[in-house]
Amino acid sequence: MLVRLGFRSLLFTKLHIRFFCSSQLHPMASLPELEPSNDADLISQLLLQHHNPFHSMESSLQLHGISLTPFLIHQTFLRLKHSSKIALSFFHYSLNCPHLHLDTTAFNLLIDNLCKVRQFDVAWQLIIQMDQKSVKTNFTTFYLLIRRLISAGLTRQAIRTFSEMHVFLDEQSEDQVWKDYFYYLLDTLCKYGYVKVATEVFNKEKWRLELNCKLYTILIYGWCKVKNIEMARRFFGELLDKGIDPNVVSYNVLLNGICRRASLHPNGRFDKVIRDAEKVFDEMCERGVEPDVTSYSILLHVYTRAHKPELSLEKLRIMRRKGICPNIVTYTSVIKCLCSCGRIEDAELLLEQMVSNGVTPTSATYNCFFKEFKGRKDVDGALRLYGKMMQGSLCSPSVSTFNILLGMLLKLGRIGLARDIWDDMKDSGAGPDLDSYTLLIHGFCEKQKWKTACEFFMEMIEKGFLPQKVTFETLYRGLIQANMLRTWRRLKKRLDEESITFGSEFETYHLKPYRR
């Protein structure tokens, strides 16, 4: 399937391994969080519902008499995170407002928004514009660009951006920038699977770095991620050879590589993985490093992959006896194991126990239930849980939650319910994202609802999402086979207009065509 919503990626990559590395790095100024704001809600809804992507938005804002402030601009950008072109148009309007000074955070939010849809040239233009307008750039500005470049596979451009950013960071020298922020570059390269590039940069530049446990831990993580445990052990050995003491994070990364990257089939592999993991536990104890909740969570994940619910529950009891309090990752792993083995009732009991122990479930926790409902084709069960989440008694659904539901309903032909979920997602502000549009368009194509698929395809383009090549080809092939050549020509004409003829607010920006 085009959209990957796997628990492994969703939960452990974001909550687990990123905790290993990123939380240990130099703290970075973060982007603001979404906060309640009636004015921001009003502006974002006004723009999303009424803004014409081919014309200026000045008149519509003036008619409503809205007075902009830095806080209001930040919150509006956050609400436009899935609509990059409208966000850019709003930025252009704000830039020309008298007595309004756009700060670094406003530029950073827009840069992040544009980089999500790979408009990297425009992001660079904004950075240069910041310099020209004496708006101070910070590392967050460049980290947002670097991270998105790497996620797009443009690793060389990302490294060049990192190498050149000291020119814009006036208060720091080039060497100081490398010492303070190289962790981020290395960590991001490893996160997206470019550990060979990361190792190459590390070997080339380590003469100017202070070698420590953090750097080696990131590289060990990178090699584990690409399932090369031999190279991971080699870097772990180099860490020890240099007299650097590994910490619990280093051991957890290695343990994670051994457990999560190994195949558990055929029979016998599971026992070998557990033996290797126990050896790491023994080595930790020999060096005086106590296993923590993350160490046990990694083992629990192995039990989950092997569909061993009883072993998972037993390990959970052992943790409690040792005084180690399970966290959200631990509980979610066991809940996933129970759900995937069809033990929904036991999973619900554990969920209640988790809440009573003061651990708040996340949308990833509930997604374990939704995925099981999807596998069972149990629409009623999924909608009951979804109703509880929407009523506010549970945490709010994430875009991943909505996408799981959309995928299930479209697969089962429940188009009306899918449209209701879509409307709820838009109203909640959680989405839609690229995956949401891709799911919906492909779902309508499978049901041969070509007109509706074309409408959502154009909406996707106008909001600034670059459709995947397979989406474009699926729609084209379907329209041709359905003898709707005229519809295809009209759609292509609109695409050409969108690619070439922008409103005046876009003329100065090097926007790439929204087609592939």
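**Entry 1: helix α10**

I started with the bend in α10: the helix turns by about 55° at Tyr181. I am working from a predicted model here, so I treat the angle as a property of that model.

Next I looked up the span. Helix α10 covers residues 174-191, which makes 18 residues. From its first C-alpha to its last it reaches 25 Å, close to the 26 Å expected at 1.5 Å a residue.

Then I asked myself how many residues of α10 are buried. I found 14 of the 18, so the helix is largely enclosed by the rest of the structure. The cut-off I used for buried is under 20% relative accessible area.

I also checked what follows α10, and I came to Gly193, whose phi is positive, near 90°.

**Entry 2: salt bridges, the count**

I moved on to charged pairs. Side chains of opposite charge can pair when their charged atoms come close. With a cut-off of 4 Å between a side-chain nitrogen of Lys or Arg and a carboxyl oxygen of Asp or Glu, I get 16 salt bridges. I took a few of them one by one.

**Entry 3: Glu230 and Arg234**

I found a salt bridge between the side chains of Glu230 and Arg234, at 3.7 Å from N to O. Both residues sit in helix α13 (residues 229-241), and they are four residues apart, so about one helical turn separates them. I wondered whether Glu230 is buried or exposed. Its relative accessibility is 57%, and Glu230 therefore counts as exposed.

**Entry 4: Glu310 and Arg343**

Here the N to O distance is 3.0 Å, and the side chains of Glu310 and Arg343 form a salt bridge. I looked up where the two partners lie: Glu310 is in helix α17 (residues 309-321), while Arg343 is in the loop between α18 (328-340) and α19 (344-356). They are 33 residues apart in sequence, so the pair ties together separate parts of the chain. I noted Glu310 as partly exposed, at 47% relative accessibility. Arg343 is also partly exposed, with a relative accessible area of 23%.

**Entry 5: Glu314 and Arg321, then a network**

I then picked the salt bridge between the side chains of Glu314 and Arg321, where N to O is 3.6 Å. Glu314 is partly exposed at 31% relative accessibility, whereas Arg321 is exposed, with a relative accessible area of 61%.

Last, I asked which residues are joined into one network by salt bridges that share partners. I wrote down Glu174, Asp175, Glu205 and Arg208.

Technical notes:
Residues are numbered from 1 along each chain as its sequence is written. This is a predicted model: local features need pLDDT of at least 70, side-chain atom pairs count only at pLDDT 80 or more; totals for chains, interfaces and linings use all residues. Side-chain values use heavy atoms; hydrogens and water are left out. Helices (H or I, at least four residues) and strands (E, at least two) are DSSP runs, numbered from the N terminus. The expected span of a helix is 1.5 Å times one less than its number of residues. The bend at a residue is the angle between axes fitted to the seven residues ending there and the seven starting there. Buried means under 20% relative accessible area, exposed over 50%, partly exposed in between (1.4 Å probe, protein chains only).
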